[in-house]
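Reader: I'd like a close look at one part of this model: the charged side chains. Please start with the terms, then take me through how those side chains sit in the fold around them.

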Amino acid sequence: MSQTQVIKVTKDTMKKMKTYYEKNRLNRTVPYSDFVAKVGNTTITAYTSGKVVFQGPEAEKGAAKWGTPAQSKTSTSTSSSKSSSILPANFSQLSVLGSDEVGNGSYFGPVTVCAAYVDKTMVAKLKALGVRDSKELTDPQIVQLSSVIKELIPYKLLIVEPEKYNQIQPKYNAVHMKVALHNQAIHLLLNEIAPTKPEAILIDQFTPEANYRKYVRSEQNQVNEKLYFITKGEQYHVAVAAASIISRAAFLEELDKESKELGMKVPSGAGANSDKVAAAVLVKGGVALLSKYAKLHFANTEKAKKIAAK
Ligand code: MG
C-alpha cells in the first residue's frame, strides 16, 4: 500500500532532519527542495518552504517522527499509481499507449520522443522489473532498463539530432515541435500494433491540451482520439514510465556519442558548464561544428561566443 504524508516543520526541525537523513540522501535535484532522502521504500522530499513529503509504504511512520500531517492522502490501491478524476477509472491497469520526451531543456544533445504500448497483461511485469519514474533511477539503471523494456513491448522512438533540430527550429517553436513528434510517434506505434487498439493514449503533459490540439491540426497523420494529458504521467501508467525511460536512455546515449566525437565531456542541461564546453567546441570548429551538437537558439550560444572570444 502506498501512502503520501505531508508535514510542515520549523527551520529547527528541518535542520535536525537534514542531519538525521544525511546518510540516506539521494543525489537528486527536485525544484524548491532542500534535500531528498530514501529510507527503505520511503522517499522523503524536504522543501525549502518547510513542507516535507513522505512517500511509500512507511510514510505515516516516517512522518510521525517529526510532526503531524498537514494533509494525508492514503491510497488503498496495491499499486503506487495515483488516480485522477480526468482519467478513466482503474487507469493504471488498462492497456495504454504512453508518450514522453527528453532533451528539450538541454543545450547539448537531441530531443528524443518515445511512444510505448503496454498491454494490461504486461503492467505487473514491467512494474516488477522496476519500471517507474526515471527521476528515481540512475543513468546506468535507465540505460539498462531501457534495453530490457525494448525487448518486451512495442515502442517507437524518434530522435531529433541537433543538426536537424537547428534546421526545423526556426519554423517550429519548441512546443509545436514536441507536438509534432509525440503525434508522429503515437501514429507510427498505433500502425504497428494494429489491429490491437489501446484503451487510452496518455501523453506526459508539456502544454495545455488546447494548445496540443491546435498544433496537431497542422500535422499530416493526426491522432485525436482517446487522448489524455496529465503531468507526471509516469505516476498514472507504467506505459509513460517506459516511454520516459526509453527516451532518456536514447538521450544519454546520444550525449555519450557527442562526447566521444568531440573528445570532451558534453554536459546535459543548459548551465554555465554548457557555455564552457560550447566555447571549446567553437574554438575547435566554429558554429558549423557546434551546430551538429547543440541547440543553437539557446542563450548558451551567445555566452559561449563571448567566452571563446576571450
Ligand atoms: Mg515529460
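Author: Let's call a residue buried when its relative accessible area is under 20%, exposed when it is over 50%, and partly exposed in between, using a 1.4 Å probe and protein chains only. Keep in mind that this is a predicted model, where local features need pLDDT of at least 70, side-chain atom pairs count only at pLDDT 80 or more, and totals for chains, interfaces and linings use all residues. Residues are numbered from 1 along each chain as its sequence is written, and side-chain values use heavy atoms, with hydrogens and water left out.

With that in hand, take helix 8, residues 238-262 (helices are DSSP runs of H or I with at least four residues, strands are runs of E with at least two, all numbered from the N terminus). Asp256 and Lys260 sit 4 residues apart in helix 8, about one turn of the helix. Their side chains meet in a salt bridge, N to O at 3.2 Å (the cut-off is a side-chain nitrogen of Lys or Arg within 4 Å of a carboxyl oxygen of Asp or Glu). Asp256 is partly exposed because its relative accessible area is 40%, while Lys260, at 66%, counts as exposed. Elsewhere, salt bridges with shared partners tie Asp133, Lys135 and Glu234 into one network.

The structure has 15 salt bridges. One of them joins Glu58 to Lys61, at 3.3 Å from N to O. Glu58 is at 40% relative accessibility, so it counts as partly exposed; Lys61 reaches 60% and is exposed.

Another one pairs Lys120 with Glu199, whose closest N and O atoms are 3.5 Å apart. This pair links distant parts of the chain, 79 residues apart: Lys120 is in the loop between strand 7 (111-118) and helix 3 (123-128), and Glu199 is in the loop between helix 6 (174-193) and strand 9. Each partner is partly exposed, Lys120 at 42% and Glu199 at 35%.

Now for two acidic side chains with another partner. Asp100 and Asp204 coordinate the magnesium ion through OD atoms at 2.1 Å (donors are N, O and S atoms within 2.8 Å of the metal, or 3.2 Å for Na, K and Ca; water is not among the atoms, so sites may look incomplete). Again the chain is bridged over a distance: Asp100 belongs to strand 6 (residues 96-102) and Asp204 to strand 9 (residues 200-204), 104 residues apart. Asp100 and Asp204 are buried.

What holds those strands? Strands 6 and 9 belong to an open, mixed sheet of 5 strands, ordered 8-7-6-9-10 (two strands pair if DSSP finds at least two bridges between them). Strand 8 (155-160) and strand 10 (227-230) are the edges, each pairing on one side only. On average, neighbouring strands are turned by 15° against each other, direction ignored (axes are lines fitted to C-alpha atoms, for helices over the stretch in contact, with angles from 0 to 180 degrees between N-to-C directions). Strand 7 runs antiparallel to strand 8, joined by 6 bridges; Val113 has Leu158 of strand 8 as its bridge partner.

Helix 6 lies across strands 6, 7, 8 and 9, at about 150° to strand 8. Helix 7 (residues 209-216) also packs on the sheet, touching strand 9 and strand 10 (contact being heavy atoms within 4.5 Å), and makes about 135° with strand 10.
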